[in-house]
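This note sets out points for a colleague who is reviewing the structure shown below. The points run from individual side-chain pairs to the chain fold and the interface.

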There are 2 protein chains.
Amino acid sequence: MPNDKRIPQIPLPTLKRLPVYYQYLTRQAHKGVTDISCASIAKAMGLVAVQVRKDLQLTGAAGRPKTGYRLKELLEALEETLGYNNKTEMFLVGAGSLGKALLHHQKFEDYNIGIAAAFDVSDAVIGTEIDGKPVLSFQKFPSLCRRMHVKFGVICVPAEAAQEVANIMVSSGIEAIWNFAPITLELPDTVIVQNENLTASFSILLKKYKTKKIGSERE
Amino acid sequence: MPNDKRIPQIPLPTLKRLPVYYQYLTRQAHKGVTDISCASIAKAMGLVAVQVRKDLQLTGAAGRPKTGYRLKELLEALEETLGYNNKTEMFLVGAGSLGKALLHHQKFEDYNIGIAAAFDVSDAVIGTEIDGKPVLSFQKFPSLCRRMHVKFGVICVPAEAAQEVANIMVSSGIEAIWNFAPITLELPDTVIVQNENLTASFSILLKKYKTKKIGSERE
C-alpha cells in the first residue's frame, strides 16, 4: 500500500502513539542502537508487535525481516510524519508558573518546537527573560504575531482571561491554539485547538483509584 | 434508575467531562448563580443538552423542570462523585521546572488535592521551599511515604530516571502514579497510572494543523 504523504490520514490513537515511539527511539539512538525490531519496540511500550508494525507503516518506514528497522531511517520517517523536520514557532501568553515551566521545557527543542516569545500583562514579568526567551507586553502580540507570521499560540492565562486572549490571537493570525486554561474556547472552525486540563486529568486518576478501592473492599 | 454510589461505573468520556463541568460550575457559583439549566451548561461547554443531562445524571444530581439544577447541590454531587470531598495528598518527585509549576499550581487546592512534599536528588533544591511545600532528599521518600500513608505519587523526573523512581514509589506504598515522564512505566497491575506527555500532546495539534493546511491547499 503506497503511503501518499500529501494526504496523511492517521487515526487519532496512532497519532497519539507516534510521538511516544519517537521519544523512545531517540533515547535508543543516543545509546548507540542502529537497528531495532517491532518486537523490542512493542516490549518497551507495552504493546503487541502487530500494533507497532501497523502504526509505523503509516510513516512510510519499511522494516526488514529479522533485523527490523534501520533506526536512523525510522526516526526520519517519524520526523517527517509528525512535522518535526520543520521548525515550529509558538507565541505563549501568560508567563505564570505553568507558562514558565513550558518556557523552561528544553525537550520541545528536540522536536524543533520553539517558543519564540512570551507575553503577559503584569509589569512584574514584562521585560524579563525566561531561558533566553523575552517576556513582552501582551499589547505587542498582534503586531509581532503578524510580522513574524507565527501561527501557533499557547494559552496559559487564568480561565477568566482565556477567551479574550484567544480572540486576540485569532484576529492576529494564530491558526492553532494549545489551550491550558480550563475552559471551552469559542473559536472559528478554521482554528484548531488542543486542550490540556491538568486538574481534569488528575481527577481521572483519582476516580479510577477510588473505584478500584471500593471494588477491592467488596471482594 | 437508582445510582449506586458504591459501584461508580462512569464511562471514560463522561469522566473526562465531569471535572470540566465542575470547573465551569464553580466559576458560575462565584458569580452568584444559584440555579442552572442543562441548556446553559451545554452552551458554555459546546455540547448538546441531552449529553449534559446524561452525564450529570451519573452523579445522582436531579434537575428540576424549567429551573434546572440547584447549583450548590450539583456541585456537592460532583464533589462526591469525583472524590473532591476528601483531601488527597500527593508526593511529587523531581522539582525541576515542571515539578515547580505543579507545586505552584494553586488550582489543585480548590479540588482538595494537595502536594504534601516534593523530593529531589539535587542539593541545589533540597532544603528549599516552593510555595510553602518543602523539597526533601529523595532518600527520605520511602520512610515518609509509609509514615504519612501517602498513596499518590507524581513523577516529574527525566525519562531515564522515571522507572527507578516508580519502583521506589511502589515499594514505599504508592498506589496511584501521575506520570509526566515520557516513558511507559512497568508497574504491578495493582498500581494505577495516568500518563501526561506534553510533547506528544503538542504533536497532535501540529499534525492536525499540517493535515488541514495540506487539505486546504488542495481545494
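Which side chains meet in a salt bridge at 3.2 Å, N to O?

1. In this predicted model, the pair in question is K72(A) and E76(A), whose side chains meet in a salt bridge with an N to O distance of 3.2 Å. The two residues are four apart in helix α4 (residues 71–82) of chain A, so about one helical turn separates them. Their surroundings can be described by accessibility: K72(A) counts as exposed at 61% relative accessibility, while E76(A), at 41%, counts as partly exposed.

2. A further salt bridge in chain A joins E73(A) to R70(A), with the closest N and O atoms 3.5 Å apart. Neither partner falls in the buried class: E73(A) is partly exposed, having a relative accessible area of 46%, and R70(A) is likewise partly exposed, at 42%. As a general matter, side chains of opposite charge can pair when their charged atoms come close.

3. Chain B contains a salt bridge between R70(B) and E73(B), where the closest N and O atoms are 3.5 Å apart. R70(B) counts as partly exposed at 42% relative accessibility, and E73(B) is partly exposed with a relative accessible area of 44%. Over all chains, the structure holds 10 salt bridges.

4. The salt-bridge rule gives another result where the chains meet: across the interface of chain A and chain B it finds zero salt bridges. Polar contacts are present there, however, with 15 residue pairs found across the interface, both residues of each pair being at pLDDT 80 or more. On the side of chain A that touches chain B, helix α9 (residues 198–218) of chain A gives the most, with 18 residues. The residues on that side of chain A divide into 36 nonpolar, 16 polar and 14 charged.

5. The extent of the interface deserves its own point. Chain A contributes 66 residues to the contact, and chain B contributes 66 residues. The area buried between the two chains is about 6300 Å², and carbon and sulfur atoms give 64% of this area. Within the area that chain A buries against chain B, F202(A), L205(A) and K207(A) supply 11%, more than any other three residues.

6. Cysteines should be considered next. How many disulfides does a search of the whole structure find? The search finds zero over all chains. For C156(A), the closest cysteine sulfur is that of C145(A), and the two sulfur atoms are 15 Å apart, which is too far for a bond. C156(A) itself counts as buried, at 13% relative accessibility. C38(A) is also buried, with a relative accessible area of 7%.

7. The final point concerns chain A as a whole. The chain has nine helices and nine strands. Its C-alpha atoms fill a box of roughly 60 × 55 × 35 Å, taken along the principal axes. Of the 219 residues in chain A, buried residues make up 50%. Among contacts in chain A with a separation of 6 or more, residues 24 or more positions apart account for 58%.

Terms used
Residues are numbered from 1 along each chain as its sequence is written. Chains are lettered from A and ligands numbered from 1 in the order in which they are written. This is a predicted model: local features need pLDDT of at least 70, side-chain atom pairs count only at pLDDT 80 or more; totals for chains, interfaces and linings use all residues. Side-chain values use heavy atoms; hydrogens and water are left out. Contact means heavy atoms within 4.5 Å. Buried area is the accessible area (1.4 Å probe) that two parts lose on being put together, summed over both. A salt bridge is a side-chain nitrogen of Lys or Arg within 4 Å of a carboxyl oxygen of Asp or Glu. A polar contact is a pair of N or O atoms within 3.5 Å; within protein, one must be able to donate a hydrogen and the other to accept it, and residues adjacent in sequence count only if both atoms are side-chain atoms. Ala, Val, Leu, Ile, Met, Phe, Trp, Tyr, Cys and Pro count as nonpolar, Asp, Glu, Lys and Arg as charged, and the others, Gly among them, as polar. A disulfide is a pair of cysteine sulfur atoms within 2.5 Å. Buried means under 20% relative accessible area, exposed over 50%, partly exposed in between (1.4 Å probe, protein chains only).
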